[in-house]
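Let's take a friendly walk through this protein. Keep the sequence and the 3D view open, and look up each residue as it comes along.

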Amino acid sequence: MTNLTEQDASGASSAGLFTIRVSAGSGKGRTSMAAFDSALRSAGVADHNLIRLSSIIPPASVIDVCKPEQQLRGTFGDALYCVYAAAFATERGDDAVSGIGWSRATDGSGRGLFVEHTGHAEEQVRTMINASLTDMANGRSESFAFEDIVLSSARCGGQPACSVVVATYRTAGWGAA
């Protein structure tokens, strides 16, 4: 895991690599949507319009598992291109577990595969991530190797709870309309 500090909103770094940042968070609120917003704030990615991507890691990429305060920043309302998992628990005592896992091509290109899953137990989510990455790799002619998993969990204590894991690619403004 590399932490490149000189990176612009496009995700490009001074080293010519593309950094994808992964963070996790959890939150609670009076509604599931409020819990989701709280979890996004906890993960360091609130105040953006999330643009959900499919699960492909581009070549020349590094993955930085970071603290929320190190997440990619933009201005309020910017588009945030990302892969994310969000799990919800609405019944007292229930757990919401979300996770993102990834594998990389063994050719050293930096390209790879993300997979996101949600469930009600960490082992359940971990198992689904591993199975998906295995099946996705087996469906390709290239060789891929497992790299890592990031999990987040939240428990409903009466108010809805949400856990999120977010892999951010870049931010973009909307420009003049």
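We can begin with helix α2, whose buried residues pack against three strands: β6 (95–105), β7 (112–119) and β8 (144–155). Please keep in mind that this is a predicted model. The average pLDDT of the protein is 91, and 90% of the residues score at least 70. Residues 1–8 are another matter, since their pLDDT is below 50. In the model this stretch still has 22 contacts beyond near neighbours in sequence.

**Helix α2 and its two sides**

Helix α2 covers residues 122–138, which makes 17 residues. At 1.5 Å a residue it should span 24 Å, and its end C-alpha atoms are indeed 24 Å apart, so expectation and model agree. Which residues of α2 are buried? They are Val125, Ile129, Ser132, Leu133 and Ala137. Looking down the helix axis, these buried residues of α2 fall within an arc of 125°, and therefore they line one face of the helix. A general rule helps to read this pattern: an α-helix has 3.6 residues a turn, so residues three or four places apart point the same way. The other side of α2 carries Glu123, Asp135 and Asn138, which are exposed.

**Two nonpolar cores**

In soluble globular proteins, nonpolar side chains tend to be buried together. Here the largest nonpolar core has 15 residues, and Phe36, Cys162 and Val164 touch the most other members. Elements that contribute two or more residues to this core are α1 (32–43), β5 (79–89) and β9 (161–172). Helix α1 provides the largest share, with five residues.

Phe36 is a good residue to click on. Setting aside neighbours within four places in sequence, Phe36 contacts Leu50, Tyr84, Ala86, Phe88, Cys162 and Val164. A second core, separate from the one around Phe36, has 14 residues, and among them are Phe18, Val22, Phe114 and Val165.

**Aromatic pairs**

How many aromatic pairs does the count come to? There are five. A pair of aromatic rings is described by the distance of the centres and the angle of the planes. Two of the pairs are set out below.

| Ring pair | Distance of centres | Angle of planes | Kind |
|---|---|---|---|
| Phe36 and Phe88 | 6.1 Å | 50° | tilted |
| Phe114 and Tyr169 | 6.4 Å | 65° | edge-to-face |

Why is the pair of Phe36 and Phe88 called tilted? Planes under 30 degrees apart would count as stacked and those over 60 as edge-to-face. The planes of Phe36 and Phe88 are at 50°, so the pair is tilted. Phe36 lies in helix α1 and Phe88 in strand β5, so this pair ties together parts that are 52 residues apart in sequence. With a relative accessibility of 15%, Phe36 counts as buried, whereas Phe88 is partly exposed at 37%.

The rings of Phe114 and Tyr169 have their planes at 65°, so that pair is edge-to-face. This pair also links distant parts of the chain, with Phe114 in strand β7 and Tyr169 in strand β9, 55 residues apart. Phe114 is buried at 0% relative accessibility, and Tyr169 is buried too, with a relative accessible area of 6%. Ring pairs join Phe114 and Tyr169 with Phe18 and Trp102 into a cluster.

**A cysteine in a loop**

Cys66 is found in the loop between β4 (61–65) and β5. Is Cys66 buried or exposed? Its relative accessibility is 9%, and because buried means under 20%, Cys66 counts as buried. Not counting residues up to four places away in sequence, Cys66 touches Arg21, Val22, Ser23 and Gln71. From Cys66 to Ser32 is 34 residues in sequence and 25 Å in space, C-alpha to C-alpha.

**Two positive phi angles**

Asp47 is not a glycine, yet its phi is positive, at about 70°. Asp47 is found in the loop between α1 and β2 (49–52), and is partly exposed with a relative accessible area of 45%. Ala60 likewise has a positive phi, near 60°. Ala60 is found in the loop between β3 (56–57) and β4, and at 32% relative accessibility counts as partly exposed.

Note on methods: Residues are numbered from 1 along each chain as its sequence is written. This is a predicted model: local features need pLDDT of at least 70, side-chain atom pairs count only at pLDDT 80 or more; totals for chains, interfaces and linings use all residues. Side-chain values use heavy atoms; hydrogens and water are left out. Helices (H or I, at least four residues) and strands (E, at least two) are DSSP runs, numbered from the N terminus. The expected span of a helix is 1.5 Å times one less than its number of residues. Buried means under 20% relative accessible area, exposed over 50%, partly exposed in between (1.4 Å probe, protein chains only). The arc is that of the directions from the helix axis to the C-beta atoms. Contact means heavy atoms within 4.5 Å. pLDDT is the predictor's confidence in each residue, from 0 to 100. A nonpolar core is a set of buried Ala, Val, Leu, Ile, Met, Phe, Trp, Tyr and Cys residues joined through side-chain atoms within 4.5 Å. Rings of Phe, Tyr and Trp (its six-membered ring) pair if their centres lie within 6.5 Å; planes under 30 degrees apart count as stacked, over 60 as edge-to-face and the rest as tilted.
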